[in-house]
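The following exercises are to be worked through with the sequence and the coordinates at hand. Each task is followed by a solution in steps.

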Amino acid sequence: MPQSPLLIGCASGFSGDRSDGAAAVVRTLAAQGGGTLIFETLAERTLALAQLARNDDPSRGYEPLLDELVSPVLADCLRHGINMVSNFGAANPAAAARRIAAIAREQGLPVPRIAVVHGDALNTAAQRALLQERLGAALEGQEVVSATAYLGATEIAQALAAGAQIVVAGRVADPSLTLGPAMAHFGWDAADWPRLGRATMAGHMLECGLQVTGGYFCVPGLKEVPDVHAAGFPIAEIHADGEFIIGKAADTGGAVDARTVKEQLLYEVHDPARYL
């Protein structure tokens, strides 16, 4: 398997994030020989809203900004061998994949090989009965809008190893968008915990987009970040042993240094003293 570093750039940290950040990431990846572009667009509330949209229209239920995220960079990604991995399938990954194929046709591009990761939705009668059994009184009188289980990186890795150029998922663990491509690129075993752990941390660095390039760190007047209004999205350079370097798209604002990375490392950790 390849031992050369893998570059992974993230161009979205949440649904409704800036849709103009991917171009600089793609240019940077292309200039360095390719890599993987990821978009992180899901949260629990986002997924519930997506399910409501699908209930109203079976052709919807994926990320509303899908066209704005994918259309400007699809041709360059295909031209430069940059894979695309995202959870922007939300409640309807298959429909999102069909829309991406349609975008390619509209742009006169060859339709890419698109893999759909599904199985996260818990919507069978047996699954709903189990939810009722486990949650009991907490669900009494309540309508369940959306119930999903987090999938992991293995399915993403399998899709890429099988030749997918684009992987569209619903609810997968956020760092899996990074860990899956790394597993596929380096051929890591699913029980290689040190490497998986390091790449999971790389995924945690990337998953919130501009947070690690100064957006979360910046406190005007106390912790200044240059050109934070034009902060660039992050790029991780992952090595065969799982160690990684965090940078950002070339010719963009913001900052990546030990302080911005440390704050993102501890983001959403309840008790840093107990952080494995």
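**Exercise 1. A tyrosine in a loop**

Which residues does Tyr-62 touch, not counting residues up to four places away in sequence? State also where Tyr-62 is placed and whether it is buried or exposed.

Solution. The model is a predicted one.

Step 1: Tyr-62 belongs to the loop that connects α2 (44-56) and α3 (66-70).

Step 2: With sequence neighbours up to four places away excluded, Tyr-62 touches Phe-88, Gly-89, Ala-90, Asn-92, Ala-95, Ala-96 and Arg-99.

Step 3: The relative accessible area of Tyr-62 is 9%. Buried means under 20%, so Tyr-62 is buried.

Step 4: The side chain of Tyr-62 makes a polar contact of 3.1 Å with the side chain of Arg-60. As a distance along the fold, the C-alpha atoms of Tyr-62 and Asn-87 are 9.0 Å apart, with their positions 25 residues apart along the chain.

**Exercise 2. The order of the sheet**

Determine the strand order of the open sheet and explain which strands stand at its edges.

Solution. Step 1: The sheet has 7 strands in the order β4-β5-β3-β2-β1-β6-β7, and its pairing is mixed.

Step 2: β4 (114-117) and β7 (244-248) each have a single partner strand, so one side of each lacks a neighbour in the sheet. On average, neighbouring strands are turned by 20 degrees against each other, direction ignored.

Step 3: Strands of a sheet pair through backbone hydrogen bonds, in a parallel or an antiparallel sense. At one edge, β4 and β5 are parallel and share 4 bridges, with Val-117 paired to Ala-169 of β5. β5 is also joined to β3, again in parallel, by 3 bridges; here Met-84 stands opposite Ile-166.

Step 4: At the other edge, β6 (residues 234-238) and β7 run antiparallel and are joined by 5 bridges. Ala-236 has Ile-246 of β7 as its bridge partner.

**Exercise 3. Helices across the sheet**

Identify the strands that α5 and α8 lie across, and describe how the side chains of β5 are directed.

Solution. Step 1: Helix α5 (residues 93-106) lies across β4 and β5 (166-169), at about 165 degrees to β4.

Step 2: Helix α8 (residues 176-186) lies across β1 (6-10), β2 (35-39), β3 (82-86) and β6, at about 160 degrees to β1.

Step 3: In β5, Ile-166 and Val-168 point one way, whereas Val-167 and Ala-169 point the other way; all are buried.

**Exercise 4. A serine and a helix**

Characterise the surroundings of Ser-12, then list the buried residues of α9 and what covers them.

Solution. Step 1: Ser-12 is located in the loop between β1 and α1 (22-31). Its relative accessibility is 2%, so Ser-12 counts as buried.

Step 2: Leaving out residues up to four places away in sequence, Ser-12 touches Asp-17, Ile-38, Phe-39, Glu-40, Thr-41, Glu-207 and Phe-233. The side chain of Ser-12 also reaches the backbone oxygen of Phe-14 at 3.2 Å.

Step 3: Helix α9 (residues 193-206) comprises 14 residues and spans 20 Å from its first C-alpha to its last, close to the expected 20 Å.

Step 4: The buried residues of α9 are Leu-196, Ala-199, Ala-202, Gly-203, His-204, Met-205 and Leu-206. Their cover includes β1, β2, α8, β6, β7 and α10 (258-265).

Conventions:
Residues numbered from 1 in each chain as written. Predicted model: local features only at pLDDT ≥ 70, side-chain atom pairs only at ≥ 80, totals over all residues. Heavy atoms only, no water. Pairing = 2+ DSSP bridges. Helix = DSSP H or I, 4+ residues; strand = E, 2+ residues; numbered from the N terminus. Axes fitted to C-alpha atoms, helices over the stretch in contact; angles between N-to-C directions. Contact = heavy atoms within 4.5 Å. Buried < 20%, exposed > 50% of the residue type's maximum accessible area, 1.4 Å probe, protein only. Polar contact = N/O pair within 3.5 Å; in protein donor to acceptor, adjacent residues only side chain to side chain. Expected span 1.5 Å × (residues − 1).
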